[in-house]
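Dear colleague,

I am passing on the structure below, and after it you will find my notes on what turned up in it. Please read the notes with the model open beside you.

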Amino acid sequence: MSVLRNTLTQSTWTLGSRLLGFLRDVVILAKLGAGPVADAFFTALMFPNLFRRVFAEGAFAQAFVPAYSRTLEAEGPEAAKRLAEETLRGLFAVTAFLVVIAQVAMPWIMILLHGGYRNDPVHFPLAILLTQITMPYLSFMALAALLSGVLNSGGRFAMSAAAPTLLNFSLLIGAFIGGNNYEVARSLAVAVSVAGLLQVALLWYGVSRQKIRLRLGFPKLTPGVKRVAALAVPGTIAASGMQINILVSQALASFETGAKTWLYSADRLYQLPLGLVGVAVGLAILPRLSRAARSDDQVQSQSVMDNGVGLAMALTVPAAAALMAAPFLFVDSFFTRGDFTSADAHQTARALFHFGWGVPAFVLIKVLAPGFFAREDTKTPMAYSLVSVGVNTVLGASLFFFLKSQGMDGFPGLAIATSTAAWVNAGLLFLGLGRRSWYAPGAQLIRRLASVLAASAALAALLWYLAARTDLIASYTLDSKFLAAVVIGFAGLFAYGVFALVFGAIRPSELKPARKG
């Protein structure tokens with residue numbers, strides 16, 4: 001299996017899901033706009049997004065896959081099945097208990113997550129209700145993560161990448177149910193939990209097709225479950241750092257009406273390269289890193305990491321350049337319609353610019369962490385993740401309230417803090433791998449990264465020039481800003497392909513394994 005081929009498999013399905021997700025967000029923002037109802041709904045949606053990114057997009061899988069793969073190779077399919085089944089039962093019991101506790105404690109939890117609205121007699125209770133409705137998604141995503149891990153261990157990436165499309169379909173349907181934005185928000189919350197159930201059903205079917213029959217039952221704390229928990233709990237916390245940072249930012253944003261919606265809208269754009277590249281590369285290299293670690297093959301491990309980092313940066317640095325060069329172009333073209341105004345797009349673009357320079361760090365975290373997970377070290381990334389949470393919390397709160405005290409909007413400071421914390425986390429992971437002699441970038445990779453930066457700088461200059469002429473381009477595209485943005489986007493994509501080949505950021509030889517796949 002090539003890293004590129006597995007990455008493309010994961011990314012192709014993820015691209016379809018993310019494009020459908022954009023359509024979903026366009027509809028939701030047009031229905032809800034940017035205001036108290038939208039802020040309440042996006043508070044409720046934070047939980048599903050958190051659980052999906054932490055569990056379904058690799059965090060739990062990156063901790064579970066090495067343990068499952070080791071059992072499969074050392075003890076055979078039956079022992080691996082038993083480990084998966086025991087873990088499944090324990091995971092479901094724990095998450096179901098957490099869901100019940102959260103339902104009861106939601107009024108107090110919401111004071112932390114949505115404190116800016118605590119004196120609002122209408123919208124604060126609405127946020128509580130909507131979040132209670134979406135909470136079952138936690139259990140569903142935990143089960144989906146384990147089932148995805150079983151599939152990924154067998155080299156099956158497509159179905160786990162396709163499952164999130166069910167959430168987008170459900171939300172699209174929910175967006176058209178209700179006569180006003182309050183009713184629409186409630187139907188959207190219901191759609192979230194329904195989607196979780198459908199995702200579990202799809203992945204259960206996929207695992208069954210691999211002749212692995214798992215059954216729910218009474219949980220037992222077996223040695224296998226203890227071993228997985230010892231890896232999965234710190235691993236999940238480690239991979240949750242960025243998501244916890246987003247929660248902290250959203251909690252602070254509740255003190256500024258509309259800020260949650262602006263941050264959410266920016267989040268949807270910068271998460272695209274993270275989902276397409278970072279998660280996909282991380283999942284693709286983990287099985288190969290695990291095998292190299294078990295055989296103590298340092299040369300193979302170095303090669304896999306260099307390929308993973310090089311490929312990830314070649315695809316993500318230009319995305320960051322695009323988001324920073326033309327943030328308003330993309331936000332305005334994609335989201336401005338209905339109750340989401342051009343003024344909202346300007347505010348979202350301010351946040352997107354600062355998220356943009358953090359995108360390479362967000363992706364590096366996903367690519368470097370498997371270097372620890374493959375060696376069943378999940379505690380070190382957890383410690384680094386917690387450091388980044390501390391940085392984000394202190395810096396975010398400081399910048400937010402400082403800017404507010406100066407009579408300015410505080411939410412851009414939250415985006416600055418999130419990106420800064422991501423670079424701190426990525427830097428610690430890189431230094432930690434180096435101190436253990438587990439990874440040091442080769443000379444060829446360093447030269448490639450310099451080429452990526454040069455190609456991305458050329459791309460940024462081109463997009464900045466084209467964005468300034470959006471109205472002129474729109475006159476040739478049926479006066480549609482959306483079509484103009486699509487044209488500019490494809491022009492940038494083509495141009496970067498040329499720049500990348502000219503500067504050596506992407507080598508033609510790398511495309512051969514993908515064509516063969």
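**Loops with positive phi**

Leu478 is found in the loop between α20 (470-474) and α21. The model is a predicted one, and in it the phi of Leu478 is near 60°, a positive value in a residue other than glycine. Leu478 counts as exposed, because its relative accessibility is 76% and the class begins over 50%. A second residue of this kind is Ser437, which is not a glycine and yet has a positive phi of about 60°; its place is in the loop between α18 and α19 (443-467), and with a relative accessible area of 55% Ser437 is exposed. As background to both cases, most residues other than glycine have a negative phi. On either side of Ser437 in the numbering there is a contact to look at, since Arg436 lies over the face of Trp438, at 5.7 Å from the ring centre.

**Helix α17 and its contacts**

Helix α17 covers residues 379-405, and its 27 residues should span 39 Å at 1.5 Å a residue, which agrees with the 39 Å between its end C-alpha atoms. The buried residues of this helix include Thr380, Tyr384, Asn392, Phe400 and Leu403. Just after α17, Gly407 takes a positive phi of about 80°.

Which part of the chain does Lys404 in helix α17 link to? Lys404 forms a salt bridge with Glu256, their closest N and O atoms being 3.3 Å apart, and this pair joins helix α17 to the loop between α11 and α12, 148 residues apart. Lys404 counts as partly exposed at 35% relative accessibility, whereas Glu256, at 7%, counts as buried.

An aromatic pair involves the same helix and the same loop: Phe255 is in the loop between α11 (241-253) and α12 (259-294), Phe401 is in helix α17, and 146 residues separate them. The ring centres of Phe255 and Phe401 are 6.4 Å apart and their planes stand at 65°, so the pair is edge-to-face, given that planes over 60 degrees apart fall in that class. Phe255 is partly exposed, with a relative accessible area of 40%, and Phe401 is likewise partly exposed, at 44%.

**Other aromatic contacts**

A search of the whole structure finds 12 aromatic pairs. One that you may want to compare with the pair above is formed by Trp262 and Phe411, which is tilted, with 5.2 Å from centre to centre and 50° between the planes. Trp262 lies in helix α12 and Phe411 in helix α18 (residues 411-435), so this pair ties together parts that are 149 residues apart in sequence. Both Trp262 and Phe411 are buried. In addition, Phe41, Phe42 and Tyr264 are linked into a cluster by ring pairs.

**Other salt bridges**

The structure holds 9 salt bridges. In one of them the side chains of Asp332 and Lys481 meet at 2.9 Å, N to O, and the pair links distant parts of the chain, with Asp332 in helix α14 (residues 327-335) and Lys481 in helix α21 (residues 481-503), 149 residues apart. Asp332 is buried, with a relative accessible area of 7%, while Lys481 is partly exposed, with 35%. Another salt bridge brings together the side chains of Asp25 and Arg24 (3.3 Å, N to O), and in this case Asp25 and Arg24 are both buried. There is also a network of salt bridges, which links Lys81, Glu85, Arg89 and Arg215.

**Helix α5 and a surface patch**

Helix α5 (residues 123-134) has 12 residues and reaches 17 Å from its first C-alpha to its last, close to the 16 Å expected at 1.5 Å a residue. Among its buried residues are His123, Phe124, Leu126, Ile128 and Leu130.

On the surface, Val94, Phe97, Leu98 and Ile101 form a nonpolar patch, with about 390 Å² of accessible area together. Phe97 lies in helix α4 (residues 77-113), and with a relative accessible area of 55% Phe97 is exposed.

With kind regards

Notes:
Residues are numbered from 1 along each chain as its sequence is written. This is a predicted model: local features need pLDDT of at least 70, side-chain atom pairs count only at pLDDT 80 or more; totals for chains, interfaces and linings use all residues. Side-chain values use heavy atoms; hydrogens and water are left out. Patches are made of residues with over 30% relative accessible area and no salt bridge: like charges are joined within 9 Å, nonpolar side chains (Val, Leu, Ile, Met, Phe, Trp, Tyr) within 5 Å. Accessible areas come from the Shrake-Rupley method with a 1.4 Å probe; for residues, only the protein chains shown count as cover. A salt bridge is a side-chain nitrogen of Lys or Arg within 4 Å of a carboxyl oxygen of Asp or Glu. Helices (H or I, at least four residues) and strands (E, at least two) are DSSP runs, numbered from the N terminus. Buried means under 20% relative accessible area, exposed over 50%, partly exposed in between (1.4 Å probe, protein chains only). Rings of Phe, Tyr and Trp (its six-membered ring) pair if their centres lie within 6.5 Å; planes under 30 degrees apart count as stacked, over 60 as edge-to-face and the rest as tilted. A charge sits over a ring if NZ of Lys or CZ of Arg is within 6 Å of the ring centre and within 35 degrees of the ring normal. The expected span of a helix is 1.5 Å times one less than its number of residues.
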